[in-house]
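Trainee: Could you walk me through reading a sheet and one residue inside a fold? I would like to learn the approach on a real case.

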Amino acid sequence: MFTDFFFPDRCLNCNTIIAANVFVCEICISQIKFTTDSFESENIVKEKCKSLFPVENAFALMEFQKEGLSRELMHNLKYKGRENIGNLFAEWTIERLHFKEKPDLIITVPLHKRKQKKRGYNQLQLYADNISKHYAISYDKDIMRRNFHTKAQALKVFSKRVVTKNLFSLNKSISGKHVLLIDDVFTTGNTMSTMAWEILKNKNNKISVLVMANDEG
Ligand SMILES: [Zn+2]
């Protein structure tokens, strides 16, 4: 990939020269606050989800640190073209995430078409591809559509209730699925909740949640 060539392989935190597509040196990895969550047990993300929609299980890979390396990595993944950080996050997730009850369909939070075109990629796609392959869970990239460019823009025109109600729609109906919703940073859970309710319109579906980082604010 062009980006592999373009960016020097240096630790994003301390600038030490490192191997290609590693992004962080061995020493700096220890600064990342990985959660001790397990998928089927109670944890912070699951608690937050529970107050918004019926959720089976949830897992967050790390705690989002506003001044820390997790923010730096996330920023690079989302805004600096370093799509391959998705592979790294997946690798870290696979080392830590174990399913007793495995979901059967992965759906990622979609970007609006215009936004994805501008960015050139959806930052969740490589991550979800890896998770899908490793755990043998099918991943439907196109099933969920985002109807507004950004929530903030839409809010200027519509009331919040109307916006969140129509923010996402499914391109085809699904039934009898245990869906694993994937997002990058989990904050209030509002985005996840809106997607979940779209899927839960069919009462035979179940929802679990996987996020790269949980932001406690
Ligand atoms: Zn370093």
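Mentor: We will go through the sheet, then its helices, then one aspartate. Keep in mind that this is a predicted model.

Trainee: In what order do the strands of the open sheet come?

Mentor: Start with strand order and pairing sense. Here 5 strands are arranged as S1-S7-S6-S2-S3, and their pairing is parallel.

Trainee: Which strands stand at the edges?

Mentor: Look for strands that have a single partner. Those are S1 (58-63) and S3 (138-139), so each has one side without a neighbour in the sheet. S3 pairs with S2 (residues 105-108) in the parallel sense over 2 bridges, and Ile-106 stands opposite Tyr-139 of S3.

Trainee: Which strands does helix H10 lie across?

Mentor: For a helix, ask which strands it crosses and at what angle. H10 (residues 190-199) lies across S2, S6 and S7, at about 165 degrees to S6. Helix H5 (residues 85-96), in turn, lies across S1 and S7 (206-214), at about 120 degrees to S1.

Trainee: Now the aspartate: is Asp-184 buried or exposed?

Mentor: Check relative accessibility against the cut-off for buried, which is under 20%. Asp-184 has 4%, and therefore counts as buried. This residue belongs to strand S6 (residues 178-186).

Trainee: What does the side chain of Asp-184 make a polar contact with?

Mentor: Its partner is the side chain of Gln-123, at 2.7 Å. Beyond four places in sequence, Asp-184 is also in contact with residues including Met-74, Lys-78, Leu-124 and Val-211.

Technical notes. Residues numbered from 1 in each chain as written. Predicted model: local features only at pLDDT ≥ 70, side-chain atom pairs only at ≥ 80, totals over all residues. Heavy atoms only, no water. Helix = DSSP H or I, 4+ residues; strand = E, 2+ residues; numbered from the N terminus. Buried < 20%, exposed > 50% of the residue type's maximum accessible area, 1.4 Å probe, protein only. Polar contact = N/O pair within 3.5 Å; in protein donor to acceptor, adjacent residues only side chain to side chain. Contact = heavy atoms within 4.5 Å. Pairing = 2+ DSSP bridges. Axes fitted to C-alpha atoms, helices over the stretch in contact; angles between N-to-C directions.
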